[in-house]
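Work through the exercises below with the sequence and the coordinates open. Each task is followed by a solution in steps.

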Amino acid sequence: MNEHRILRALCYISVLFAPFLFPLIVWIVTDKGSATQSDAKTALWLHIIPFLMTICIFFLVGVAGLASNSVHFTAFFSVPLMIVFFVVDLGLVIYNLYKGIKILAEA
């Protein structure tokens with residue numbers, strides 16, 4: 001499982017410098033069925049989830065604002081969503097860093 005260990009770890013750690021691009025390139029370039037390709041695909045999905053959540057939150061806040069036409073309701077609705085998004089996003093960044101460091105620490 002030491003196959004391209006640094007490349008596999010960089011796929012996860014790339015959340016700090018190239019979230020979508022690096023894992024996507026590694027996923028496309030590596031051999032099918034390899035551990036490197038599997039880690040690149042997993043890292044790519046872990047980087048895409050916060051982006052998809054952001055789109056959903058903006059959509060939900062926009063619909064709530066248009067449907068209610070009330071600033072107070074929209075704020076009451078959007079603040080908890082933003083807090084949840086922040087916690088999940090921070091958790092995924094920490095998880096990505098953990099996975100990258102764990103792969104680098106493999107003997």
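## Exercise 1: The nonpolar core

Task: list the residues of the largest nonpolar core, and find which elements give two or more residues to this core.

Solution.
- Step 1. The largest nonpolar core has nine residues: Ala9, Cys11, Tyr12, Val26, Ala40, Ala43, Leu46, Leu92 and Ile103.
- Step 2. Sort them by element. Two or more residues come from each of α1, α3 and α4.
- Step 3. Keep the source in mind: this is a predicted model. Mean pLDDT is 90 for the protein, and 96% of the residues reach 70 or more.

## Exercise 2: The overall layout

Task: describe the fold pattern and the dimensions of the protein.

Solution.
- Step 1. Count the secondary structure. There are four helices and zero strands. Along the sequence this reads α-α-α-α.
- Step 2. Check the confidence by element. Helix α2 (residues 21-29) is highest, at a mean of 94. The lowest is α3, at 91.
- Step 3. Take the box along the principal axes. The C-alpha atoms fill roughly 55 × 25 × 20 Å.
- Step 4. Compare the radius of gyration with the globule rule. A compact globule of 107 residues would have a value near 13 Å, but this protein has 18 Å.
- Step 5. Look at burial and surface. Of the 107 residues, 30% count as buried. The accessible surface is about 7,000 Å², and carbon and sulfur atoms hold 78% of that area.
- Step 6. Look at contact range. Take contacts between residues at least 6 apart in sequence: 64% of them join residues at least 24 apart.

## Exercise 3: The salt bridges

Task: find how many salt bridges the structure holds, and say what parts they tie together.

Solution.
- Step 1. The structure holds two salt bridges.
- Step 2. Take the pair of arginine 8 and aspartate 39. Their side chains meet with an N to O distance of 2.5 Å. Arginine 8 belongs to helix α1 (residues 5-13) and aspartate 39 to helix α3 (residues 35-68), so this bridge ties together parts 31 residues apart in sequence.
- Step 3. Take the pair of glutamate 106 and arginine 8. Here the closest N and O atoms are 3.9 Å apart, and the cut-off is 4 Å.
- Step 4. Place this pair in the chain. Glutamate 106 sits in the segment after α4 (71-105) and arginine 8 in helix α1, so the bridge links parts 98 residues apart in sequence.
- Step 5. Classify the partners by burial. Buried means under 20% relative accessible area, exposed over 50%. Arginine 8 has 2% relative accessibility, so it counts as buried. Glutamate 106 has 26%, so it counts as partly exposed.
- Step 6. Join the bridges through shared partners. Arg8, Asp39 and Glu106 form one network.
- Step 7. Return to the remaining partner. Aspartate 39 is buried, as is arginine 8.

## Exercise 4: Packing around α1

Task: which residues of α1 are buried, and against which helices do they pack?

Solution.
- Step 1. The buried residues of α1 are Arg8, Ala9, Cys11, Tyr12 and Ile13.
- Step 2. These buried residues pack against α2, α3 and α4.
- Step 3. Zoom in on alanine 9, found in helix α1. Its relative accessibility is 1%, so alanine 9 counts as buried.
- Step 4. Set aside neighbours within four places in sequence. Alanine 9 then contacts Gly100, Ile103 and Leu104.
- Step 5. Follow one of these contacts. Alanine 9 and isoleucine 103 are 94 residues apart in sequence, yet 5.6 Å apart in space, C-alpha to C-alpha.
- Step 6. Turn to the other side of that contact. With the same neighbours set aside, isoleucine 103 touches Arg5, Arg8, Ala9, Tyr12 and Asp39.

## Exercise 5: Two single residues

Task: is leucine 44 buried or exposed, and what is the phi of asparagine 69?

Solution.
- Step 1. Leucine 44 lies in helix α3. At 10% relative accessibility, leucine 44 counts as buried.
- Step 2. Leaving aside neighbours within four places in sequence, leucine 44 contacts Phe20, Pro23, Leu24 and Trp27.
- Step 3. Asparagine 69 lies in the loop between α3 and α4. Asparagine 69 is exposed, at a relative accessible area of 71%.
- Step 4. Recall the background. Most residues other than glycine have a negative phi.
- Step 5. Asparagine 69 is not a glycine, yet its phi is positive, about 55 degrees.

How values were computed:
Residues are numbered from 1 along each chain as its sequence is written. This is a predicted model: local features need pLDDT of at least 70, side-chain atom pairs count only at pLDDT 80 or more; totals for chains, interfaces and linings use all residues. Side-chain values use heavy atoms; hydrogens and water are left out. Buried means under 20% relative accessible area, exposed over 50%, partly exposed in between (1.4 Å probe, protein chains only). A nonpolar core is a set of buried Ala, Val, Leu, Ile, Met, Phe, Trp, Tyr and Cys residues joined through side-chain atoms within 4.5 Å. Contact means heavy atoms within 4.5 Å. pLDDT is the predictor's confidence in each residue, from 0 to 100. The radius of gyration is taken over C-alpha atoms; the globule rule is 2.2 Å times the number of residues to the power 0.38. Accessible areas come from the Shrake-Rupley method with a 1.4 Å probe; for residues, only the protein chains shown count as cover.
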